[in-house]
Amino acid sequence: MDLAFTPEEQTFREEIRAWVGENLPADIAHKVHNALELTRDDMQRWAKILGKKGWLGFGWPKEFGGPGWTAVQKHLFEEECALAGAPRIVPFGPVMVAPVIMAFGTPEQHQRFLPGIASGEVWWSQGYSEPGSGSDLASVKTRAERQGNNFIVNGQKTWTTLGQYGEWIFCLVRTSTEGKPQTGISFLLIDMKSPGVTVRPIIMLDGGHEVNEVFFDNVEVPAENLIGEENKGWTYAKHLLSHERTNIADVNRSKRELERLKRIAKREGVWEDSRFRDEIAKLEVDVIALEMLVLRVLSAEKSGKNSLDIAGLLKIRGSEIQQRYSELMMLAAGPFALPLVREAMEAGWQGDFPGGELGNAPLASHYFNLRKTTIYGGSNEVQRNIVSQVVLG
């Protein structure tokens, strides 16, 4: 394993850094660096900037309109974007459903769906989890019955992240009850403007609206929106989840947030506490170890070897690190991390913030929000079972 970047890769990094520095809106970067809430416009604006450059689908091969970057180049792009304060690319379109459409869709589906994803014009949502079917996705109950040239969909999805903005949603639906549960699932693309689709907000502990319930009541979906073969959706779902769990590791954001933690610790006067610095040091070691794990995967791919089958392990460690840095930020700010008047911040209030710094106000909200990371994308308990079976044998 060679962890040193080549001169060509270093040049590529510098080019990405320069372009992001010139094109990332300063107001968006300010929000990201201070963990302030991003609006739909913020996320869509950055997506369209990347789309115009041809980089929203940064992981796509050239044949589908992507830049055709190597695994190392993709890593460097993500790292430079994160460190500059760019929002995470909303993954449901370009990172998750697009590879499924490329791998298993028809040429007509490629032409119909991929351009809107690549440009950032079309907002996609994910319809996987249901009440009672989270980590156990094989138990999904949302039904899709074939009637002529349509499927009639009935059921409910939940925890649909940013579904209030969704224009299309990719769903796992049950098309058969025969045999094993996994064999009766299909992968369907649904226009969220269709009659019978209802999105209801789930308001979180901090008052935020990030996740939703989505209901399907006799929704007609053209059969041409089926990806691949009927009842083979479980295979496509596993293909997608490997992308999601690697994305959840998000080591580049952790590197950025580690630096933010240090700033908060120094500002709040706890940096001189050797025990607190010990906790930061232990976190930094974990972040470096996670980065080395990611680079091992990239090194294997770069050399043509089989990539290490450790997507679940990346998810476990990445999610735990995210929770740990948010906890340490809370501890550093102490009671000044608690107050948050969401309506005032959304209105652009410019008064004094607890602790005298804008950066403290969102800390509690951020902390509580990241409690979810060890649950979504397959809970860490389930992922440990998968790692033990697949990696350890």
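This passage looks at salt bridges and at two residues with an unusual backbone angle in a predicted model.

Across the whole structure, a search finds 29 salt bridges. A helpful place to start is Glu79, whose side chain meets that of Arg13 in a salt bridge, with 2.7 Å from N to O. This pair ties together distant parts of the chain, since Glu79 sits in helix H4 (residues 71-84) and Arg13 in helix H1 (residues 7-23), 66 residues apart. Both Glu79 and Arg13 are buried. Glu79 has a relative accessible area of 3%, and it counts as buried because this value is under 20%.

Glu79 also forms a salt bridge with Lys255, where the closest N and O atoms are 2.1 Å apart. Here again distant parts of the chain are linked: Lys255 belongs to helix H8 and Glu79 to helix H4, with their positions 176 residues apart. These residues take part in a network of salt bridges that links Arg13, Arg17, Glu79, Glu80, Lys255 and Glu291.

A more local case is found in helix H9 (residues 274-302), where Lys282 and Glu279 are separated by about one helical turn because they are 3 residues apart. Their closest N and O atoms lie 3.0 Å apart in a salt bridge. Lys282 is partly exposed at 48% relative accessibility, and Glu279 is partly exposed at 24%.

Turning to the backbone, Asn218 is not a glycine, yet it has a positive phi of about 50°. Asn218 lies in strand S7 (residues 209-222) and is partly exposed, with a relative accessible area of 49%. Asp250, also not a glycine, has a positive phi of about 45°. Asp250 is placed in the loop between helix H7 (233-249) and helix H8 (251-267), and counts as buried at 12% relative accessibility.

Notes:
Residues numbered from 1 in each chain as written. Predicted model: local features only at pLDDT ≥ 70, side-chain atom pairs only at ≥ 80, totals over all residues. Heavy atoms only, no water. Helix = DSSP H or I, 4+ residues; strand = E, 2+ residues; numbered from the N terminus. Buried < 20%, exposed > 50% of the residue type's maximum accessible area, 1.4 Å probe, protein only. Salt bridge = Lys/Arg side-chain N within 4 Å of Asp/Glu carboxyl O.
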